[in-house]
Amino acid sequence: MISIVIPAYNEEKTIGRCIESLIDQTTDKPYEVIVVDNGSADRTFETANKYKDKLDLKVIKEPVKGRGSARFAGFRKAKGEIILSLDGDSIAPRDWIEKLTAPLSDKNIVAVTGTGRIEDCSRWTNICFDIIQPTAMVAYRLFAGHFWLTGFNFAIRSDDYKKAGEFNPALLSNEDIDLANRVNKLGKIKFIRFPVIVDGRRVKNGFLKGMLSYLPGYINQFAFKKPQDLSDIR
């Protein structure tokens with residue numbers, strides 16, 4: 001059994017295509033999809049529920065806002081032996097489940113993390129993101145000694161997730177990096193260059209501005225132990 005957890009905040013416009021990308025996955029493994037509506041002010045909850053007759057879908061509400069609390073709630077509901085993480089603005093390739101779960105047949109691998117790419121910005125911005133995002137993951141590996149778990153594209157065994165202490169529900173962001181720091185102590189985090197499509201809204205107001213906006217929160221949280229986040233926690 002595979003579980004896919006999708007946190008969503010005001011994703012009325014994107015949650016439909018996200019769920020649709022999971023309907024005809026090329027896998028013979030049974031899987032469930034759990035959408036966590038994280039206090040949305042739009043019709044995210046209602047839009048997601050429209051797909052209940054097309055796949056094994058559960059849509060739950062988590063009123064405490066923040067990516068940490070949303071992922072924590074979704075993973076707590078998951079029944080699968082393996083849990084995959086996706087975001088509400090992302091689109092998974094048809095072989096996404098197979099690609100992410102295959103490496104976990106190796107017992108030395110605890111989790112698998114992938115990359116992202118964008119298609120909805122300028123050609124130059126798309127190219128920059130598609131090159132820099134996976135490059136940053138490799139650079140982080142050299143710095144930290146392991147890969148981070150990309151919140152919009154990773155898989156982990158349920159037992160190992162629990163052994164690592166689960167997501168910290170108090171974190172507004174960097175919850176995936178925080179989890180990776182603990183998962184790494186259990187075994188190898190495997191990196192694969194296999195992207196999901198993510199929304200380019202994070203960099204539409206300037207590529208460098210968008211990417212560098214994550215840096216202060218990371219430094220405050222991991223260097224100074226003072227969780228600090230973007231003004232827009234999504």
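This passage describes the fold, the packing and selected local features of a predicted model.

The chain holds nine helices and seven strands. Of its 234 residues, 54% are buried. Contacts that span long stretches of sequence are frequent in the count: among contacts between residues at least 6 apart in sequence, 77% join residues at least 24 apart.

The seven strands form an open sheet. Their order is S3-S2-S1-S4-S6-S5-S7, and the pairing is mixed. Strand S3 (57-61) and strand S7 (188-197) stand at the edges. Each has a single partner strand, so one side of each is left without a neighbour in the sheet. From one strand to the next, the twist averages 20°.

Strands of a sheet pair through backbone hydrogen bonds, either parallel or antiparallel. Strand S4 takes part in both arrangements here. S4 (residues 82-85) runs antiparallel to strand S6 (residues 154-157), and four bridges join the two. S4 runs parallel to S1, again with four bridges. Leu-84 illustrates both pairings. Its bridge partner in S6 is Ala-155. Ile-4 stands opposite Leu-84 as well. Both faces of S4 are covered. Ile-82 and Leu-84 are buried on one side, and Ile-83 and Ser-85 are buried on the other.

Helix H3 (residues 67-77) lies across strand S1 (2-8), strand S2 (31-37), S3, S4 and S6. Its direction is at about 150° to S2. Nine of the 11 residues of H3 are buried, so the helix is largely enclosed by the rest of the structure. The buried set comprises Arg-67, Gly-68, Ser-69, Ala-70, Arg-71, Phe-72, Ala-73, Gly-74 and Phe-75. Two arginines are therefore among the buried residues of this helix, given that buried means under 20% relative accessible area.

Helix H7 (175-183) is mostly covered too. Seven of its nine residues are buried. These are Glu-175, Asp-176, Ile-177, Asp-178, Leu-179, Ala-180 and Val-183. Asn-174 lies in the loop between helix H6 (158-163) and H7. Asn-174 has a positive phi of about 60° although it is not a glycine. At 10% relative accessibility, Asn-174 falls under the 20% limit and therefore counts as buried.

A second asparagine has a positive phi. Asn-10 has a phi near 50°. This residue lies in the loop between S1 and helix H1 (15-20). Its relative accessibility is 31%, so Asn-10 counts as partly exposed.

Helix H5 covers residues 123-144. At 1.5 Å a residue, its 22 residues should span 32 Å. The end C-alpha atoms of H5 are 32 Å apart, which agrees. An α-helix has 3.6 residues a turn, so residues three or four places apart point the same way. In H5 the buried residues are Thr-125, Asn-126, Cys-128, Phe-129, Gln-133, Pro-134, Met-137 and Tyr-140. Gly-145 follows the helix, with a positive phi near 90°.

Aromatic side chains also meet in the model. The structure holds eight aromatic pairs. One of them joins Tyr-140 and Trp-148. The two rings are edge-to-face, 5.2 Å centre to centre, with 70° between the planes. Tyr-140 is buried, and so is Trp-148. Tyr-140 thus belongs to the buried set of H5. Elsewhere, ring pairs link Phe-75, Phe-154, Tyr-161 and Phe-167 into a cluster. Phe-75 is one of the buried residues of H3. Another ring takes part in a contact with a charge. The charged end of Lys-61 sits over the ring of Phe-45, 4.5 Å from its centre.

Note on methods: Residues are numbered from 1 along each chain as its sequence is written. This is a predicted model: local features need pLDDT of at least 70, side-chain atom pairs count only at pLDDT 80 or more; totals for chains, interfaces and linings use all residues. Side-chain values use heavy atoms; hydrogens and water are left out. The expected span of a helix is 1.5 Å times one less than its number of residues. Buried means under 20% relative accessible area, exposed over 50%, partly exposed in between (1.4 Å probe, protein chains only). Two strands pair if DSSP finds at least two bridges between them. Axes are lines fitted to C-alpha atoms, for helices over the stretch in contact, and angles run from 0 to 180 degrees between N-to-C directions. Contact means heavy atoms within 4.5 Å. Rings of Phe, Tyr and Trp (its six-membered ring) pair if their centres lie within 6.5 Å; planes under 30 degrees apart count as stacked, over 60 as edge-to-face and the rest as tilted. A charge sits over a ring if NZ of Lys or CZ of Arg is within 6 Å of the ring centre and within 35 degrees of the ring normal.
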